[in-house]
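This report walks through one protein chain, from a salt-bridge residue to the overall fold. The sequence and the structure come first, and the description follows.

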Amino acid sequence: MFTTRFFGRTLFAAVKSETSAAAAATGYARNPLEEFFQADRSQDKPVGYGRSWKASELRLKSWDDLHKLWYVLLKEKNMLMTQRQMLHSQNLKFSNPERLPKVRKSMCRIKQVLNERAIEEPDARRSAEMRRMINGL
């Protein structure tokens, strides 16, 4: 029993130190909740943000690419809403309120493109399954 505890702790400590070293080397946040907050940026130069995705661009993407993009946009939306709520509770101004509508518009366009693909699907059963999945987003 002692040896199991000793080796288990030693192994756990080694894995933990490797994980923290890898996280430090790659620059990833140690706390996953930090992904909900935007990194502090200097106020010296304004940061420009892109536009929303066009439906014509999204039609060229594969199913997997749209799936990945959906979750990137969902993470961005959650980060922006968390930041907005945090700043609102502190009576501070949300710095870039135009970003949230761009993200929402892109997400709606992804759903539109996926619905178009579901309508074009010749197999009725698969089409219904795709629509259920899309409506769950």
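## Salt bridges

In this predicted model, Arg-126 has a relative accessibility of 46% and therefore counts as partly exposed. Its side chain forms a salt bridge with Glu-121, in which the closest N and O atoms are 3.4 Å apart. The structure holds four salt bridges, and two others among them are described here.

Arg-59 and Glu-116 meet through their side chains in a salt bridge with an N to O distance of 2.9 Å. Because Arg-59 lies in the loop between α2 and α3 while Glu-116 lies in helix α4, this pair ties together parts that are 57 residues apart in sequence. Arg-59 is partly exposed at a relative accessible area of 40%, and Glu-116 is likewise partly exposed, at 25%. A further salt bridge joins the side chains of Arg-51 and Glu-57, at 2.6 Å from N to O; here Arg-51 counts as exposed, with 53% relative accessibility, whereas Glu-57 is partly exposed, with a relative accessible area of 24%.

## Helix α5 and its two faces

Helix α5 covers residues 124–135, and for its 12 residues a rise of 1.5 Å a residue predicts a span of 16 Å, which agrees with the 16 Å between its end C-alpha atoms. Buried residues in α5 are Ser-127, Met-130 and Ile-134. Seen down the helix axis, the buried residues of α5 fall within an arc of 65 degrees, so they line one face of the helix. An α-helix has 3.6 residues a turn, so residues three or four places apart point the same way. The face of α5 turned away from the buried side carries the exposed residues Arg-125, Glu-129, Arg-132 and Asn-135, while the cover over its buried residues includes α3 and α4.

Ser-127 illustrates the buried side of helix α5. Its relative accessible area is 8%, under the 20% cut-off, and Ser-127 is therefore buried. Leaving aside neighbours within four places in sequence, Ser-127 is in contact with Ala-118, Ile-119 and Glu-121.

## Helix α3 and the surface patch

Helix α3 runs over residues 63–89. Its 27 residues should span 39 Å at 1.5 Å a residue, and the end C-alpha atoms are indeed 39 Å apart. The buried residues of α3 are Leu-66, Leu-69, Trp-70, Leu-73, Met-79, Leu-80, Gln-83 and Leu-87, and they pack against α2 (55–58) and α4. Just after α3, Asn-91 takes a positive phi of about 55 degrees.

Tyr-71 also belongs to α3, but with 42% relative accessibility this residue counts as partly exposed. Together with Trp-63, Met-133 and Leu-137, Tyr-71 makes a nonpolar surface patch of about 350 Å².

## The chain as a whole

The protein chain contains five helices and zero strands, which read along the sequence as α-α-α-α-α. Of its 137 residues, 20% count as buried. The accessible surface of the chain comes to about 10,800 Å², and carbon and sulfur atoms account for 56% of that area. Among contacts with a separation of 6 or more, 62% join residues that are 24 or more positions apart; one such link across the sequence is the salt bridge between Arg-59 and Glu-116, whose partners are 57 residues apart.

Notes: Residues are numbered from 1 along each chain as its sequence is written. This is a predicted model: local features need pLDDT of at least 70, side-chain atom pairs count only at pLDDT 80 or more; totals for chains, interfaces and linings use all residues. Side-chain values use heavy atoms; hydrogens and water are left out. Helices (H or I, at least four residues) and strands (E, at least two) are DSSP runs, numbered from the N terminus. Buried means under 20% relative accessible area, exposed over 50%, partly exposed in between (1.4 Å probe, protein chains only). Contact means heavy atoms within 4.5 Å. Accessible areas come from the Shrake-Rupley method with a 1.4 Å probe; for residues, only the protein chains shown count as cover. Patches are made of residues with over 30% relative accessible area and no salt bridge: like charges are joined within 9 Å, nonpolar side chains (Val, Leu, Ile, Met, Phe, Trp, Tyr) within 5 Å. The expected span of a helix is 1.5 Å times one less than its number of residues. The arc is that of the directions from the helix axis to the C-beta atoms.
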